[in-house]
Amino acid sequence: MTQDIFDLPGPQGNSIVGSLVDLGNDPLAFLTRCAREYGDIVPLHLGLTSACLITHPDYIEQVLKDREKFIKSRGFRILKTLLGEGLLTAEGDSWLRQRRLAQPVFHQSRIQGYGEAMVNYAERMVNTWRDGEERDIHADMMRLTLNIIMKTIFNQDVDEGEANAVARALDVTMNWFESKRRQGYLVLEWFPRPENIRYRQAIAEMDEAIYTLIRQRRFSNEDASDLLSMLMQARDEETGNQMDDKQLRDEVATLMLAGHETTANALSWTWMLLSDYPDVRTKLQNELQEVLDGRAPTVADLPRLNYTNMVVKEAMRLYPPVSLFGREAVEDCTIGDYTVPAGTVVMISQWVMHRSPKYFDNPEAFQPERWADDLEKKLPRGVYIPFGDGPRICIGKGFALMEAVLLLATIAQRFQLDVTPSCPIIPQASITLRPECGILVRLRSLSLQPQS
């Protein structure tokens, strides 16, 4: 016996726009309240959009596994202007072809070769830092991960003009997406509002930079063993086809967004948490002293950096790189014992699941030790999903985890970062979970200095 989801209890909201204003004002608090007051599946009316929030891990896994019945929601599809038919936005056969082409590029044995470059860029950055200096660590992490992703894609230090074009486009995109989210995605992007004009101009500048780099590579016939070369050489096993310049552009733009923004945010939140929990920071520094003894970390050290890895996992639990996403039902279907009409947006929130007292003791506390004894394997699937799950799980998961641990280990043994109380830190739940106004920290140089 099934029950229509919209017969279930849920927040009433405004008689005209439903809960759209509540969701727009503070999505994380609103969805957390919905989960705790109404349970596993919560009907939501968001203006003209029918939606529901699901918090039962079985329901989450069902939706994430069935990519044919549940496609990316409208809120995410508007990113096609930026990402085209890249892996984040493509659907159906287009997505499957792109995934088959890109999968070998992200094999663990290949991405490990980028570890040295990650550490080198981190050391180059901290060599410019000074004891007692105040910095916006989010801005620093954004610049660091942008430099790394540009190096791993193009195997070169991209000049400031091209790097700045990409950085500006990503920043404008985040602000534009947040504006559209607050408007309920009701304002069409072609309408000549100033924010839409800035968005289109930023994408045009980014396209010029990306296509310039692709043309340079095709003209030189260079095999640089970077991600661009691997994508250019990749062939579909079934058709033998390769990516054209437009497909390459879309995947490069996707890699820049997913491989730059998410890791920068994860590390920024990690520094904030380490400042708030000095005991955890001491344990981290003790492990780095024991394992590295002042030298720069390498990929070979990763298996021994257990606590460092737990710190990253716990930071991504409390502040997941993506805090909320949606899938749209393309046909009438059921989730568990509930009927879901076609067109319903099914919302899944990592923020809600990762902080659920059903699955985590003292869920609001930063406790890396909770990940000892393989907690992740003991949790029901669908609970801890910082990289998503199902067939569309993040293809760069291994790359991101390796990068986060190596950068954390490199920086944390050189400097202690203490958050300054002058500016409030506000999580902004946009495409990614970023600090709305940055995170200001004061640097304290540690006596332990890496050996050359």
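The lining of the largest cavity has, by class, 24 nonpolar, eight polar and six charged residues. For these classes, Ala, Val, Leu, Ile, Met, Phe, Trp, Tyr, Cys and Pro count as nonpolar, Asp, Glu, Lys and Arg as charged, and the others, Gly among them, as polar. This is a predicted model, in which local features need pLDDT of at least 70 and side-chain atom pairs count only at pLDDT 80 or more, while totals for chains, interfaces and linings use all residues. Residues are numbered from 1 along each chain as its sequence is written, and side-chain values use heavy atoms, with hydrogens and water left out.

Back to the cavity. Its volume is about 760 Å³. A cavity here is a set of points, on a 1 Å grid over the protein atoms alone, where a 1.4 Å probe fits but cannot get out; a pocket is an open set with protein on both sides within 12 Å along at least five of seven lines; and lining residues have an atom within 4 Å of a point. Grid points are joined across faces, edges and corners, and a volume is the space filled by probe spheres set on the points.

Of the 38 residues lining the largest cavity, Leu 88, Ala 258, Phe 387, Cys 394 and Ile 395 are the closest to its centre. Two or more lining residues come from each of α6 (92–102), α12 (227–233), α13 (245–276), β6 (325–329) and α18. These elements are DSSP runs numbered from the N terminus, helices being H or I of at least four residues and strands E of at least two. The largest share of this lining, seven residues, is from α13.

In total there are five cavities of 30 Å³ or more. The second largest has a volume of about 60 Å³. What lines the second largest cavity? Thr 262, Thr 263, Ala 266, Met 316, Pro 321, Phe 387, Ala 400, Leu 401 and Ala 404 do. At least two of these come from each of α13 and α18. The classes are seven nonpolar, two polar and no charged.

α18 also appears at a pocket. The second largest pocket has a volume of about 460 Å³. It is lined by 20 residues, and Leu 302, Pro 303, Asn 309, Leu 401 and Val 405 are the closest to its centre. α15 (306–318), α17 (375–378) and α18 give two or more residues each, and α18 gives the most, with five. The pocket lining splits into nine nonpolar, five polar and six charged residues.

Now the helix packing. The axes of α9 (residues 137–154) and α18 (residues 397–412) come within 12 Å and cross at roughly 130°. Axes are lines fitted to C-alpha atoms, for helices over the stretch in contact, with angles from 0 to 180 degrees between N-to-C directions. The crossing of α9 and α18 is right-handed, meaning the near helix is turned clockwise from the far one by less than a right angle, whereas anticlockwise would be left-handed. In this contact (heavy atoms within 4.5 Å), α18 contributes Phe 399, Glu 403, Leu 407 and Ile 411, and the residues from α9 include Met 141 and Ile 149. The contact has seven nonpolar, two polar and one charged residues.

α9 also meets α13: their axes come within 8 Å and cross at roughly 145°. This crossing too is right-handed. Met 141 and Ile 149 of α9 are among the residues in contact here, as are Gly 259 and Trp 271 of α13. By class, the contact has 14 nonpolar, seven polar and one charged residues.
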